[in-house]
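Student: I would like to take a close look at one part of this structure, the aromatic rings and the way they pair. Could you please guide me through them in a connected account?

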Amino acid sequence: MIQANSPAEACRELFACYPVATRVADRGGTIRTMVLMLRDGDDTRLFILSHERREDRPPYSLRRWRTTDSVDIAGDDDAATISDTVMTVLTHGVPVPGDRSLFGWLQDDYVTALIPVYTTSAPRYPEPFWAVMPRVGIPKTHWPPFTDEHLFGTWFWEYYLAGDLVSVDGLIAEVPGAVPLQADRRVPSLRVLLADVGKTDLAPRFRRAADHDGREEPGHEGLRATASRDVGGRVGG
């Protein structure tokens with residue numbers, strides 16, 4: 001997916017081309033991370049690419065999912081000094097949207113399904129996963145064409161670049177009982193809006209925790225009940 005002459009250039013391209021796959025990993029905002037999925041037939045492997053802005057550290061490092069051993073990637077490294085596996089991951093790995101990203105599938109300018117992505121390891125969900133949540137009453141013809149896919153893939157970015165998938169993170173309030181407004185219009189009270197059986201307050205499910213300690217957060221267990229049907233799959237293995 002990435003064409004580059006050096007490992008560092010490939011890392012720069014990944015962070016530049018896939019901002020929605022990037023997440024800040026520390027309070028100071030000096031470390032950014034990205035999950036990369038490398039698929040070989042039915043076999044998939046997950047990696048964490050990190051970008052650290054410190055003068056005393058190589059700018060990039062790569063490690064396997066749920067491991068601590070990493071390979072440093074310096075700015076002056078060339079492909080000959082890096083293993084073939086590392087270069088393959090950097091040039092053919094599929095970036096995975098950041099943890100708790102939320103996307104909408106557009107049909108005739110309307111969002112007909114929500115697609116959340118989780119990439120933080122938790123006891124109940126040790127591997128990254130995604131789900132498709134069609135709106136209640138929407139016919140299958142308006143469901144995303146990847147609804148029956150079981151593995152994440154390059155198809156996601158093809159639809160994203162085509163404008164069929166859009167990020168709706170900014171439309172979800174980060175606190176319960178709140179409704180983000182995009183226009184200056186009169187709306188019913190929160191009590192009325194959130195009491196409607198056709199609506200679900202998603203804030204508790206997508207609230208970003210400043211300190212994630214690896215425990216399952218509230219909302220994961222209720223996510224699959226927010227639509228008439230929920231289908232999706234795992235990101236990798």
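Tutor: The account below goes from single ring pairs to a cluster, then to a helix, and ends with the cysteines.

Please keep in mind that this is a predicted model. A pair of aromatic rings is described by two quantities, the distance of the centres and the angle of the planes. The structure holds 17 aromatic pairs. Let us begin with Tyr 118 and Phe 129, whose ring centres are 5.1 Å apart. Their planes meet at 20°, so this pair is stacked, given that planes under 30 degrees apart count as stacked. Tyr 118 belongs to strand E8, residues 110-118, while Phe 129 belongs to strand E9, residues 129-134, so the pair ties together parts that are 11 residues apart in sequence. Tyr 118 is buried, with a relative accessible area of 2%, and Phe 129 is buried as well, at 7%.

Trp 130 and Phe 146 provide an edge-to-face pair, with 6.3 Å from centre to centre and 65° between the planes. Trp 130 lies in strand E9, whereas Phe 146 lies in the loop between E9 and helix H3 (155-162), so this pair ties together parts that are 16 residues apart in sequence. Both Trp 130 and Phe 146 are buried.

These two residues also belong to a cluster linked by ring pairs. Among its other members are Tyr 18, Phe 103, Trp 105 and Phe 152, together with Trp 155, Phe 156, Trp 157, Tyr 159 and Tyr 160.

The cluster leads us to helix H3. The buried residues of H3 are Trp 155, Phe 156 and Trp 157. They pack against strand E6 (94-96), strand E7 (101-107), E9 and strand E10 (165-167). After H3 comes Gly 163, which has a positive phi, near 90°.

A ring may also have a charged group over its face. Here, Arg 64 lies over the face of Phe 47, at 5.2 Å from the ring centre.

Finally, we turn to the cysteines. With a disulfide taken as a pair of cysteine sulfur atoms within 2.5 Å, the count comes to zero disulfides. Cys 11 has 0% relative accessibility and counts as buried, whereas Cys 17, at 43% relative accessibility, counts as partly exposed.

To return to your request, the stacked pair joins strands E8 and E9, and Trp 130 of strand E9 is one of the residues in the cluster.

Conventions
Residues are numbered from 1 along each chain as its sequence is written. This is a predicted model: local features need pLDDT of at least 70, side-chain atom pairs count only at pLDDT 80 or more; totals for chains, interfaces and linings use all residues. Side-chain values use heavy atoms; hydrogens and water are left out. Rings of Phe, Tyr and Trp (its six-membered ring) pair if their centres lie within 6.5 Å; planes under 30 degrees apart count as stacked, over 60 as edge-to-face and the rest as tilted. Helices (H or I, at least four residues) and strands (E, at least two) are DSSP runs, numbered from the N terminus. Buried means under 20% relative accessible area, exposed over 50%, partly exposed in between (1.4 Å probe, protein chains only). A charge sits over a ring if NZ of Lys or CZ of Arg is within 6 Å of the ring centre and within 35 degrees of the ring normal. Contact means heavy atoms within 4.5 Å.
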